[in-house]
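Welcome! Please take a moment with the sequence and the 3D view below, and then we will walk through two topics together.

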Amino acid sequence: MAFKHWPLVRDVRFAQKCGRFLRGARKRRGDLNWDEFLRIARHFKTDDMGSFPERGYLFQLASDLPAGAKVIEVGSWMGASTCFIAGGLKGAAKIHAVDNFQGLSTCGEDAAWYNRHFQSMGKASTLEIFQRNFADLGFAERAEPVVSDSLAAAKQLEKMKGTVDFIFIDGDHSYEACKADILAWSPFVKRGGVIAFHDFGSRADGVTRAIFEEIKAGRFAEIVGVANTIIAFRM
Ligand SMILES: C[S@@+](CC[C@H](N)C(=O)[O-])C[C@H]1O[C@@H](n2cnc3c(N)ncnc32)[C@H](O)[C@@H]1O
């Protein structure tokens with residue numbers, strides 16, 4: 001086991017990094033419930049799918065949504081990003097969490113990583129883990145897993161077009177798939193709603209290229225904000 005994964009080392013690193021992030025976040029947005037963020041972050045201490053600024057930004061975007069907001073996430077994996085979003089939501093808000101839950105991706109680098117991960121877990125799906133994480137944090141009511149390929153799910157949820165307050169896309173990271181996700185999912189966001197993407201400007205250069213092309217084509221009304229590799233737009 002790598003030194004950084006030893007439980008004591010991991011806990012010290014978590015306390016330092018999360019503490020540093022929260023000191024800044026509480027100053028910037030003192031109106032948000034950062035104790036709730038910390039509760040979720042503690043639950044996902046071993047998660048490495050996103051940084052604290054990225055998790056914090058999702059929590060902030062969700063906290064700024066109206067009560068009862070409609071949310072879609074494409075690419076939920078074990079539910080960490082989904083739970084940070086759920087933690088910020090109010091009232092009867094719901095997240096449709098779209099994922100094949102099998103790491104089936106056309107992005108070669110990702111597919112190899114998922115294969116290794118599933119082998120070491122001895123499982124063929126992350127759905128059960130996703131559901132357990134939601135239940136453990138008391139968010140079960142907020143999640144509606146949609147076990148499906150992204151584009152098939154867009155057809156299945158067609159009735160929600162033009163009604164969604166917030167969409168977070170973090171699914172297949174190939175250029176073609178990200179482009180198809182933008183085209184399929186952006187019509188779901190209502191006017192004034194927000195669409196955000198993970199991995200803009202990261203090693204996943206197909207994601208960056210697809211988003212950049214859509215910025216140039218005028219698909220988004222304005223940039224709402226950026227946190228590490230998350231970029232959010234208003235539609
Ligand atoms: C990077 S992970 C998501 C991580 C998660 N958003 C987080 O931050 O905790 C990407 C997920 O997208 C899913 N995925 C990849 N391609 C997909 C597709 N075409 N349709 C549905 N899900 C897909 C994978 O199964 C994987 O769970």
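Let us begin just past a helix: H9 is followed by Gly218, whose phi is positive, near 80°. Please keep in mind that this is a predicted model. From Gly218 we step back into helix H9 itself, and then turn to the ligand.

**Helix H9**

- Helix H9 covers residues 205-216, and its 12 residues should span 16 Å at 1.5 Å a residue; the end C-alpha atoms are 16 Å apart, so the expected and computed spans agree.
- Which residues of H9 are buried? They are Gly206, Val207, Thr208, Ala210, Ile211 and Glu214.
- An α-helix has 3.6 residues a turn, so residues three or four places apart point the same way.
- The cover over the buried residues of H9 includes helix H8 (175-185), along with two strands, E5 (189-197) and E7 (230-234).

**The ligand and its surroundings**

- There are 20 residues around the ligand, and those that come nearest are Gly75, Ser81, Asp99, Ser150 and Asp170.
- By character, the shell around the ligand divides into five nonpolar, 10 polar and five charged residues.
- The side chain of Ser81 has an N or O atom 2.8 Å from a nitrogen atom of the ligand.
- In the side chain of Arg55, an N or O atom is 2.9 Å from an oxygen atom of the ligand.
- Leu104 takes part through its backbone, where a polar atom is 3.1 Å from a nitrogen atom of the ligand.
- How much of the ligand does the protein bury? Taken alone, the ligand exposes 600 Å², and the protein buries 96% of that.

Conventions: Residues are numbered from 1 along each chain as its sequence is written. This is a predicted model: local features need pLDDT of at least 70, side-chain atom pairs count only at pLDDT 80 or more; totals for chains, interfaces and linings use all residues. Side-chain values use heavy atoms; hydrogens and water are left out. Helices (H or I, at least four residues) and strands (E, at least two) are DSSP runs, numbered from the N terminus. The expected span of a helix is 1.5 Å times one less than its number of residues. Buried means under 20% relative accessible area, exposed over 50%, partly exposed in between (1.4 Å probe, protein chains only). Contact means heavy atoms within 4.5 Å. A residue is near a molecule or strand if one of its heavy atoms lies within 4 Å of it. A polar contact is a pair of N or O atoms within 3.5 Å; within protein, one must be able to donate a hydrogen and the other to accept it, and residues adjacent in sequence count only if both atoms are side-chain atoms. Accessible areas come from the Shrake-Rupley method with a 1.4 Å probe; for residues, only the protein chains shown count as cover. Ala, Val, Leu, Ile, Met, Phe, Trp, Tyr, Cys and Pro count as nonpolar, Asp, Glu, Lys and Arg as charged, and the others, Gly among them, as polar.
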